[in-house]
Amino acid sequence: MAITSDAGQHMVERTGIGLRLPHIAEVVATRPPVGWLEIHPENFLANPHALELLTDLARDYPISVHTVGISIGSADGIDRVHLRRLRALIERLNPVLVSGHLAWSTVDGTYLNDLLPLPYTVETLRVVATHLAEVQDVLGRAYVIENPSTYVSLGTSTMTELQFLHALVNATSCRLLCDVSNVHLSGHNMGYDAYRFIDEFPAEAVAELHLGGFTAEDDEATPGGTLLVDTHAHAVAEPAWQLYAHAIRRFGPQPTIVEWDNDLPTLAVLTGEAAKSDRVRGASREDRHAHAR
Ligand SMILES: [Fe+2]
């Protein structure tokens with residue numbers, strides 16, 4: 001699923017923003033110069049007014065649908081009612097990308113409101129691959145998988161996250177959303193080299209990049225240590241910008257969005273972050289070309 005349409009090219013050239021409900025009226029009124037909009041469909045499924053506004057915006061901006069309610073790693077299976085509602089929304093918006101997390105969030109039909117870690121095993125690979133095929137079949141389009149933010153390693157894992165992502169791509173030919181901030185914070189939390197992680201990420205499968213803010217908290221398991229938590233409550237931190245520059249040199253220019261969900265800033269601050277992403281990507285692209293010469 002290479003992004004070759006005009007909309008896709010526009011998304012590569014100009015960073016998008018995660019569109020959250022408090023900003024939507026201002027985005028409708030002012031049409032800020034961002035490349036595209038990524039939405040959480042769960043915010044719109046039961047909000048017809050917001051969906052009307054979004055449908056209007058979809059005429060002017062490429063849209064990406066980023067789900068938080070598809071529990072692709074859940075042993076219980078996919079919620080088919082939710083999946084059908086998602087399909088209806090997608091048919092209405094005709095998004096360029098549809099994506100979700102490598103995680104699980106439901107058990108016995110209850111949503112846990114969290115993206116929980118999966119053990120990286122052959123059995124998990126089978127579950128995720130089966131669910132991915134079901135989701136793509138119902139939605140009628142590719143479903144891009146995002147790397148998680150990680151705080152613990154599960155003793156039952158028999159593969160690293162990178163080995164699992166490679167195995168998933170090999171087994172399903174799926175595309176991946178590389179959340180660069182997740183790589184930075186997971187590298188800090190789990191003690192691995194984030195740059196090496198980017199170097200060894202399945203580059204040929206990358207369809208999108210994410211940037212978001214995180215929060216440093218005391219690590220109760222390690223006296224004096226800090227844990228970086230994927231709160232999306234701050235501007236993108238400098239180490240994540242540097243890692244993003246490295247990711248562009250490695251993957252080439254990719255559709256990128258800045259995510260901000262909590263302690264939401266003004267729209268101007270958020271679009272300023274998107275403009276910074278454009279500058280960082282432009283400079284990294286020059287580096288990439290210079291090295292290629
Ligand atoms: Fe993300």
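What follows is a short tutorial chat about reading a predicted model.

Me: I'm new to this one. Which protein atoms hold the iron ion?

Reply: Start with the donors. In this predicted model, the iron ion has Glu146 (OE), Asp179 (OD), His210 (ND1) and Glu259 (OE) as its protein donors, at 2.1 to 2.4 Å. Along the sequence, these donor residues follow the spacing E-x32-D-x30-H-x48-E. One pair links distant parts of the chain: aspartate 179 sits in strand β8 (residues 176-179) and glutamate 259 in strand β12 (residues 256-259), 80 residues apart.

Me: Why is the arrangement of the donor atoms around the iron ion called irregular?

Reply: Look at the angles. The 4 donor atoms subtend 84 to 174° around the iron ion, so the arrangement counts as irregular. Four donors would need all angles between 85 and 135 degrees to count as tetrahedral.

Me: And are aspartate 179 and glutamate 259 buried or exposed?

Reply: For that, check relative accessible area: buried means under 20%. Aspartate 179 has 1% relative accessibility, so it counts as buried. Glutamate 259, at 2%, is buried too.

Me: Let's turn to pockets. How much space lies in the largest pocket?

Reply: About 1300 Å³. Its lining is made of 49 residues, and the closest to the centre are Leu115, Pro148, Ser149, Tyr151 and Asp230.

Me: Which helices and strands each supply at least two residues of that lining?

Reply: Strand β6 (110-116) does, and so do the helices α6 (161-172), α7 (180-190) and α8 (194-200). The largest share, 5 residues, comes from β6. You can also sort the lining by class: 19 residues are nonpolar, 19 are polar and 11 are charged.

Me: α6 came up there. Where does glutamine 163 belong, and how do I read its accessibility?

Reply: Glutamine 163 is in helix α6. With a relative accessible area of 45%, glutamine 163 is partly exposed, because that class runs between the buried limit of 20% and the exposed limit of 50%. Distance in sequence and distance in space can be read side by side. Glutamine 163 and threonine 121 are 42 residues apart in sequence, with their C-alpha atoms 9.9 Å apart.

Me: What should I look for in the backbone angle phi?

Reply: Most residues other than glycine have a negative phi. Now look for positive values here. Arginine 31, in the loop between α2 (21-30) and β2, has a phi near 45°. Histidine 232 has a positive phi of about 50° although it is not a glycine. You'll find histidine 232 in the loop between β11 (226-229) and α9 (238-251). As for accessibility, arginine 31 is partly exposed at 28%, whereas histidine 232 is buried at 10%.

Me: What does histidine 40 touch?

Reply: Contacts are listed without residues up to four places away in sequence, and for histidine 40 they are Arg20, His66, Val68 and Asp261. Histidine 40 lies in the loop between β2 (37-39) and α3 (48-57). Its relative accessible area is 11%, so histidine 40 is buried.

Me: One more loop: where is isoleucine 78, and which residues does it touch?

Reply: Isoleucine 78 is in the loop between β3 (63-66) and α4 (80-93). Leaving out residues up to four places away in sequence, isoleucine 78 touches Ile70, Ser71, Ile72, Leu83, His131, Glu134 and Val135. Isoleucine 78 is buried, at 10% relative accessible area. For a separation, take isoleucine 78 and isoleucine 17: 61 residues apart in sequence and 28 Å apart from C-alpha to C-alpha.

Methods:
Residues are numbered from 1 along each chain as its sequence is written. This is a predicted model: local features need pLDDT of at least 70, side-chain atom pairs count only at pLDDT 80 or more; totals for chains, interfaces and linings use all residues. Side-chain values use heavy atoms; hydrogens and water are left out. On a 1 Å grid over the protein atoms alone, a cavity is a set of points where a 1.4 Å probe fits but cannot get out, and a pocket is an open set with protein on both sides within 12 Å along at least five of seven lines; lining residues have an atom within 4 Å of a point. Grid points are joined across faces, edges and corners, and a volume is the space filled by probe spheres set on the points. Helices (H or I, at least four residues) and strands (E, at least two) are DSSP runs, numbered from the N terminus. Ala, Val, Leu, Ile, Met, Phe, Trp, Tyr, Cys and Pro count as nonpolar, Asp, Glu, Lys and Arg as charged, and the others, Gly among them, as polar. Buried means under 20% relative accessible area, exposed over 50%, partly exposed in between (1.4 Å probe, protein chains only). Contact means heavy atoms within 4.5 Å. Donors are N, O and S atoms within 2.8 Å of the metal (3.2 Å for Na, K and Ca); water is not among the atoms, so sites may look incomplete. Four donors count as tetrahedral if all angles lie between 85 and 135 degrees; four count as square planar and six as octahedral if opposite donors are over 155 degrees apart and all others between 65 and 115; anything else is irregular.
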